[in-house]
Amino acid sequence: MAARAQAWLFAAALVIFHGSEYVLAAAFHGRRNVTATSLLISKQYVLAMSFAMLEHLTEALLFPELKEYWFVSYVGLVMVIIGEVIRKLAVVTAGRSFTHVIRIHYEDQHKLITHGVYRLMRHPGYSGFLIWAVGTQVMLCNPLSTVAFTLVLWRFFSKRIPYEEFFLRQFFGREYEEYAQKVHSGLPFIE
């Protein structure tokens, strides 16, 4: 019974996360500019989420007691909610400056956002997504996927952040340098 409830919570987390990502992206950038690719729903992402469900179903059948740790599942649910809130605060605060694809050319509406949740961390969208994604796996009591999601996402962001910040330094110069010196990236061990 616990495994079924966890699976429904996982499905709800996916629908809420991606539904709200779409609504916000369409609101700030127009519906015509929003696609699965622009929302970063890649083959790798679908594969990772499919593996997570496969792990959950396999463990529920072979080791059902593994899915009975309600405290762990609730911790995961709290992580999902916190990650969702941080991510959506990042999107709403940045508005049109928030995009799912790294901008490599400066555009007039592109502004350096340093207020709101960006006062606390430079990359709250990434931080929120990491917490949300790992939280989904903790909520499912998926030990393998929890470790895999944590490592793969951390590695992904450890490469993406320096790449993105190269362009932010190009666009905003000294202003971004000062901001980066004062405010942490928002992800552990990524400066």
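A surface patch, as the term is used here, consists of residues with over 30% relative accessible area and no salt bridge, and nonpolar side chains are joined within 5 Å. In this predicted model, one such nonpolar patch is formed by Tyr69, Phe71, Val72 and Val75, with a combined accessible area of about 410 Å². Val75 is part of helix α3, which covers residues 70-94. With a relative accessible area of 34%, Val75 is partly exposed; Val75 therefore passes the cut-off of over 30% that applies to patch members.

The UniProt record lists residues 8-28, 45-65, 66-86 and 129-149 under "transmembrane region". Two of these segments were examined for secondary structure and end-to-end distance. Residues 66-86 are 81% helix and 0% strand, and the C-alpha atoms at the two ends lie 29 Å apart. For residues 129-149 the helix content is 86%, again with 0% strand, but the end C-alpha atoms are 11 Å apart.

The largest nonpolar core contains 42 residues, of which Tyr118, Phe129, Trp132, Phe157, Tyr176 and Leu187 touch the most other members. Two or more core residues come from each of the elements α1 (2-29), α2 (43-62), α3, α4 (124-139) and α5 (143-182). The largest contribution is that of α5, with 11 residues.

The surroundings of Tyr118 were examined further. When residues up to four places away in sequence are left out, Tyr118 touches Ala90, Thr93, Ala94, Phe98, Ile113, Pro124, Tyr179 and Val183.

Methods
Residues are numbered from 1 along each chain as its sequence is written. This is a predicted model: local features need pLDDT of at least 70, side-chain atom pairs count only at pLDDT 80 or more; totals for chains, interfaces and linings use all residues. Side-chain values use heavy atoms; hydrogens and water are left out. UniProt positions are given in the numbering used here, feature names are shortened, and annotations may be inferred rather than shown by experiment. Helices (H or I, at least four residues) and strands (E, at least two) are DSSP runs, numbered from the N terminus. Patches are made of residues with over 30% relative accessible area and no salt bridge: like charges are joined within 9 Å, nonpolar side chains (Val, Leu, Ile, Met, Phe, Trp, Tyr) within 5 Å. Accessible areas come from the Shrake-Rupley method with a 1.4 Å probe; for residues, only the protein chains shown count as cover. A salt bridge is a side-chain nitrogen of Lys or Arg within 4 Å of a carboxyl oxygen of Asp or Glu. Buried means under 20% relative accessible area, exposed over 50%, partly exposed in between (1.4 Å probe, protein chains only). A nonpolar core is a set of buried Ala, Val, Leu, Ile, Met, Phe, Trp, Tyr and Cys residues joined through side-chain atoms within 4.5 Å. Contact means heavy atoms within 4.5 Å.
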